[in-house]
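This report walks through a multi-chain model, from its contacts to its backbone details. The structure comes first.

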There are 6 protein chains.
Amino acid sequence: MRPNKVKALWRENRPVTVGWMGTADPYVAETLAHAGFDAIVLDMQHGMAIGPDRAALCFQAISTTDTVPFVRVPWNDPALIQYVLDAGAYGVIVPLVMTVEDARRAAGACRYPPLGYRSVGPNRARLYGGADYVQQANEEIACLVMIEHIAAVERVEEIAQVPGIDGFFIGPADLALSLGLPPGADISEPRHVAACQRVLAAARSRGLVAGIACSGPEEARRRIAEGFNFNPIGSDIGFIAGGAQRAIRLFQTGAA
Amino acid sequence: MRPNKVKALWRENRPVTVGWMGTADPYVAETLAHAGFDAIVLDMQHGMAIGPDRAALCFQAISTTDTVPFVRVPWNDPALIQYVLDAGAYGVIVPLVMTVEDARRAAGACRYPPLGYRSVGPNRARLYGGADYVQQANEEIACLVMIEHIAAVERVEEIAQVPGIDGFFIGPADLALSLGLPPGADISEPRHVAACQRVLAAARSRGLVAGIACSGPEEARRRIAEGFNFNPIGSDIGFIAGGAQRAIRLFQTGAA
Amino acid sequence: MRPNKVKALWRENRPVTVGWMGTADPYVAETLAHAGFDAIVLDMQHGMAIGPDRAALCFQAISTTDTVPFVRVPWNDPALIQYVLDAGAYGVIVPLVMTVEDARRAAGACRYPPLGYRSVGPNRARLYGGADYVQQANEEIACLVMIEHIAAVERVEEIAQVPGIDGFFIGPADLALSLGLPPGADISEPRHVAACQRVLAAARSRGLVAGIACSGPEEARRRIAEGFNFNPIGSDIGFIAGGAQRAIRLFQTGAA
Amino acid sequence: MRPNKVKALWRENRPVTVGWMGTADPYVAETLAHAGFDAIVLDMQHGMAIGPDRAALCFQAISTTDTVPFVRVPWNDPALIQYVLDAGAYGVIVPLVMTVEDARRAAGACRYPPLGYRSVGPNRARLYGGADYVQQANEEIACLVMIEHIAAVERVEEIAQVPGIDGFFIGPADLALSLGLPPGADISEPRHVAACQRVLAAARSRGLVAGIACSGPEEARRRIAEGFNFNPIGSDIGFIAGGAQRAIRLFQTGAA
Amino acid sequence: MRPNKVKALWRENRPVTVGWMGTADPYVAETLAHAGFDAIVLDMQHGMAIGPDRAALCFQAISTTDTVPFVRVPWNDPALIQYVLDAGAYGVIVPLVMTVEDARRAAGACRYPPLGYRSVGPNRARLYGGADYVQQANEEIACLVMIEHIAAVERVEEIAQVPGIDGFFIGPADLALSLGLPPGADISEPRHVAACQRVLAAARSRGLVAGIACSGPEEARRRIAEGFNFNPIGSDIGFIAGGAQRAIRLFQTGAA
Amino acid sequence: MRPNKVKALWRENRPVTVGWMGTADPYVAETLAHAGFDAIVLDMQHGMAIGPDRAALCFQAISTTDTVPFVRVPWNDPALIQYVLDAGAYGVIVPLVMTVEDARRAAGACRYPPLGYRSVGPNRARLYGGADYVQQANEEIACLVMIEHIAAVERVEEIAQVPGIDGFFIGPADLALSLGLPPGADISEPRHVAACQRVLAAARSRGLVAGIACSGPEEARRRIAEGFNFNPIGSDIGFIAGGAQRAIRLFQTGAA
């Protein structure tokens, strides 16, 4: 089976360069993949118009390079997890995991028996991964569960013990809301910081990975130094909106 | 009929802020439109996967704002010009115009009789433009013909006399090739510069507009000073590729 | 944030003109929106082929006018509610609400914490609604829960107390089935009439809205007089099928 | 080969009930087909967003009934005529035929050698038409050329002699423009009337059919009496816009 | 209502010829349907890129013939079952049924009250099935639940008593995994064989049908002899991959 | 620039294994590509529903392997040739070339100046081909012109001298029609055989390639021996229809 380059980087403790994708346009996907990300996360939760049809097309586009296709599914829903894995996703990010049971549901959907309850029937996954996909998939597929509520943080050490998960991905905006703080990224409020550190510590103590949604490459780089290693540095829509605004400003005022 | 904001800016001699679009993703279109461009050019010539179906969706997305939808059609083809106008484009850029006859063909496709030979049957255009669309369209729709070969430059004064065209749009890369120069943008080779100036002069002497494909906002701004006033400052794919590369560099090296 | 015109009409006690959409065609959506409806409901439950991709395109098409985009989601499913809200729907109709718990699930999916559990990440919603979308969305987004079973009617006063819902929408056909009656619209059987009146009374006693699926504009108008104020008066497919049959009859027989 | 029901009706001199389609939605197509039209014309010229992909889907939808799928192609373009025929259209309407040569180009594209120059390679056409499609298609496929300019009317008797065409379809709006009249349907200006009658006479003298775009079922019925027999009585978008406006008026004022 | 040909064959105890479809291409669907299958199963579970939009298109394509459209839904999810039935599926296969409660959920989603809890609102189903669809659908729609885990086999006699199911469909690969065996088809390991026979016996004792995913036509034929009567004999993707490999071998080596 | 594997095989005089694709389904494309073809021809002429949008998706799918993407364009139309090349096709087959002028038009559309008149603006082509695409494309892109009429055969030696074409592709069915023969493949009628041999001889005398549409791998292999080296051995739709019929026969009768 084609190895999961991101899991290899994690094992070697080398930083993973992660891009984010909020459209469902396969040409955008191919353009991002050629920019050199190790992984691209197709955001089926808060992205726009990314139903199953176009998600599959984006995986194909990404697969013209060696960038690894990840997906954030819209919900802790085994039907969708099954779908994106069969279609060739190599990593799944599951939102809104609150409890050990939620984590079991997420992890189980990513793993064939006896580890989980994924149903056998890879389609594009076998083309992309190789003929021994069913035998190796439990090893190569990455499963990250999102910790994005303070109640989940308070159980994170237990959640870390659920077999089949590879790590945590922190949603700082939703976590902030659960703490009564305004949503955002790169939040310095001490309770928020402490919560993030607790998630990181829980991950590391079990040999797992922790990642966090970031405000940009500077924060992502700083998070690497802290020990987080799945920190998206930008998104297609962010690049477009940011690039367009900068260009308009330059054109209209002559200054950036 | 809804007035064409770009033509109003031209009349008032105020600079037009132009964006370019090489994908066919309506969410990208809406994002660009919200960035504040006066016009967005959907590039059906060298864009990717922009067939008639998705072009129409992009016009709808742009029409949620007051940005004016332009199209570069793939060819001097009246069937496609008719299609994009009926679907609500307010400006058409016609590539590869070499002769007076080519320009007549392009201009005629954009105008109802007796000025041209456009067939009556606006569909979305009537929703977008208003009930008097057929009566006013000849006035409001913009038609730019591309000058992108030295042979066309040599006839540009004649071409400027073809009724129904609003101006020229220079394709500097193809023009360079026709001069035996390497393709590119913002070319300083004297023959290329002279050709561009001749196109501009021909336009101005007839009260027409001239625009030019640019390397970015700096060149576009400089071109405004020269008298060009339809100078795209960036594209969706350019923003994505450029933004992604910058972000990766920052993340990996800590420096931009 | 762009105000929700339908909620304003409700507050002012003025009738809301509601259209229904059972296809997923953005040109149909734009045509309906230009006809002058205050709101259009995209029916992802019993409409045809309306998956997430094309739903988003329909919201864009509607957003070229000031008609308010509503959606009937296929199920009381927070993942889909989250999706359509992020994509710019301003009203959600949730089918098959049977209990207080169902209503809490529906309402919670429409509201950010602390009122609900909606996850932060508006995409197109921020373009359509404005930069302060996250701050204001809990106020502006409409959430109607469907009462379409006699068992739900029997708990409707309790359901009316669930915070975050704006009102009820009666599904008369399913309600009829639950009473052992044949399905249909504008049903005069006394138990059905009594059930509808009970829902209306429960709504009004809590300052909520009640609406009902109608057989056409005449019933919808009569329902306004009764106090219902979200009464769809026709659908795209109904207009097509009805219009085509009438035209064929006229053509073939000379009489309507 | 499945017989072309419209050609049979023509031979028997029985009126053909024709619907028009300006969207590219297959559910709309199936709804129209079930209403009972003998033929539905998919309007790829002035319809909206009807590229080759969705056109083929509409033919499939229509083919669930015995309604005959016609297409108005956007241009007298043999590539597109070839495409829609291979995809299963049983009738083609070719716009903007001005000369005998134009008519030959149109007719030739619809016929296999030796009658024409259509290339062999039916795909869906063989499924829909049957295994002997290539042998019989020249007989069963209908080809109507549009007469929509006074200059074409003046040559209509010659055009009527071009082998391979089945008749004329008058575009009254464009014809009006060519006469210096305002565009519209059901035009009573004597020169326009005379032109239409001349087209009809030319058709009948050669055993061909004449049809005309109509304002609705009343005109279409009257045109039948005059001898025209391909007179569309309404369109999807017309039914939607008309139906919605009528419903809104009824709802808001209580009167139609 | 159009009768369900597969249910008729079951009643008459005649073998059903079943094809499988793992793409979402309507032309593939129409090609398969014309090959002469009694039923085609669109596999929304392990097929690729088959979201709701394209599923509906495939039903239309199949409905140009008298082949019966079945669907394997991705999950025991009443929202999706409702969707595919409203869109015209005549048979539903529900995966992963483990318990009597699972079977009740599946069966209930397929049946209108009082037998089940399906919501009224057929759209394309009424076009395809006929005007009396709502009255007859409970009789004509087929509902098969998948038995694909040994724990389900152990309760299969109870599951067989759930009203509203028409039979079982065995997933041999997942069943094998649940027995600690390698996944595959046509498995001869005695515990697997015994499990399959137990499912068949449970079905027959209640007058239900049993079917099983097969390795090809030979196994499917043998399974008919055993008493199974819904045994897919091949899939679009299987035909393509197998056909291509055979052709390449023949071309390159001269031998099959 | 990524080398064109097919041109390398031609140079080395090694047989090219060619597959054909008549659907527009990217999963079908990826499945075919994984079967091991050297090239896959996407047939935009006689394929079904292959507009520009889905063609681009198929190129992406094929590009996940080292199979080379070819296209048969629907017409000798430089706009479409430009489109498919910009989107990443590495070979173009141009139908209906009758004259030297036709061949010049086809070849010129495939080559940048000074060899041809292709406009600069590769989009996906640069991602797929590499940064030096514009410099190398004239060398790597393959251009085959179709000889499918006896009149073209009679000028084939002249056509062979047109710079920029790589060879001929014979359409035996249309060629047969032009000879007054029934269409088909692998035709043994002497005039047809002689015509094919003349095309082959003309190609070889100029160092060009000749290929021919074949009835299957046996003919394709025989054609290799004759000297033809672009001989498609089967198509997606052929594999499906053939595979399905064989499977049904085996299932129903027990014999192949």
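## Contact between chains C and B

The contact takes 12 residues from chain C and 12 residues from chain B. The model is predicted. On the side of chain C that touches chain B, three elements of chain C each supply at least two residues: helix 2 (26-35), helix 3 (52-62) and helix 6 (124-129). Helix 2 of chain C gives the largest share, 5 residues. By class, this side of chain C has 5 nonpolar, 5 polar and 2 charged residues.

How are the two chains related? Chain C can be laid on chain B by a turn of 180° and a shift of 0.0 Å along the axis, with an RMSD of 0.0 Å. In chain C, C:Thr64 has the C-alpha nearest the axis, 2.1 Å from it. Of the interface residues of chain C, 100% are also interface residues in chain B, so the copies meet through the same surface.

## Contact between chains C and D

Here 34 residues of chain C are in contact with 34 residues of chain D. Helix 2, helix 12 (217-226) and helix 13 (236-253) of chain C each give two or more residues to the side of chain C that touches chain D. The largest share comes from helix 13 of chain C, with 14 residues. This side of chain C divides into 18 nonpolar, 12 polar and 4 charged residues. Helix 2 of chain C thus appears in both contacts: it is listed on the side that touches chain B, and it is listed on the side that touches chain D.

Chain C can be laid on chain D with an RMSD of 0.0 Å. The operation is a turn of 180° with a shift of 0.0 Å along the axis. The two copies are therefore related as by a two-fold rotation axis. The surface is shared as well: 100% of the interface residues of chain C are also interface residues in chain D, so the copies meet through the same surface.

## Nonpolar core

In soluble globular proteins, nonpolar side chains tend to be buried together. The largest nonpolar core of this model has 636 residues. Which of them touch the most other members? They are A:Val199, B:Val199, C:Val199, D:Val199, E:Val199 and F:Val199.

Take chain A. A:Val199 touches A:Ile147, A:Val153 and A:Val156. A:Val199 also touches A:Phe168, A:Ile170 and A:Ala210. Residues up to four places away in sequence are not counted.

## The sheet of chain F

Chain F has an open sheet of 7 strands, in the order 1-2-3-4-5-6-7. The pairing is parallel. Which strands form the edges? They are strand 1 (18-21) and strand 7 (209-212) of chain F, and each pairs on one side only. From one strand to the next, the twist averages 25°.

At one end of that order, strand 6 (residues 167-170) of chain F runs parallel to strand 7 of chain F, and 4 bridges join them. F:Phe169 has its bridge partner in strand 7 of chain F: F:Gly211.

## Cis peptide bonds

The peptide bond from C:Pro113 to C:Pro114 is cis, with omega near 5°. C:Pro114 is in the loop between helix 5 (100-110) and helix 6 of chain C.

Chain D has a cis bond too. The peptide bond from D:Pro113 to D:Pro114 is cis, with omega near 5°. D:Pro114 is in the loop between helix 5 (100-110) and helix 6 (124-129) of chain D.

## Positive phi outside glycine

C:Asp186 is not a glycine, yet its phi is positive, about 55°. C:Asp186 is in the loop between helix 10 (172-178) and helix 11 (190-205) of chain C. Is C:Asp186 buried or partly exposed? C:Asp186 counts as partly exposed because it has 16 C-beta neighbours inside 10 Å, whereas 20 or more would make a residue buried.

D:Leu96 also has a positive phi, about 60°, although it is not a glycine. D:Leu96 lies in the loop between strand 4 (91-94) and helix 5 of chain D. D:Leu96 has 23 C-beta neighbours inside 10 Å, so D:Leu96 counts as buried.

Technical notes
Residues are numbered from 1 along each chain as its sequence is written. Chains are lettered from A and ligands numbered from 1 in the order in which they are written. This is a predicted model: local features need pLDDT of at least 70, side-chain atom pairs count only at pLDDT 80 or more; totals for chains, interfaces and linings use all residues. Two residues are in contact if their C-beta atoms, placed from the backbone, lie within 7 Å. Ala, Val, Leu, Ile, Met, Phe, Trp, Tyr, Cys and Pro count as nonpolar, Asp, Glu, Lys and Arg as charged, and the others, Gly among them, as polar. A nonpolar core is a set of buried Ala, Val, Leu, Ile, Met, Phe, Trp, Tyr and Cys residues joined through C-beta atoms within 7 Å. A residue is buried if 20 or more other C-beta atoms lie within 10 Å of its own, exposed if 12 or fewer, and partly exposed in between; C-beta atoms are placed from the backbone. Copies are superposed by least squares on the C-alpha atoms of residues with pLDDT of at least 70 in both. Two strands pair if DSSP finds at least two bridges between them. Axes are lines fitted to C-alpha atoms, for helices over the stretch in contact, and angles run from 0 to 180 degrees between N-to-C directions.
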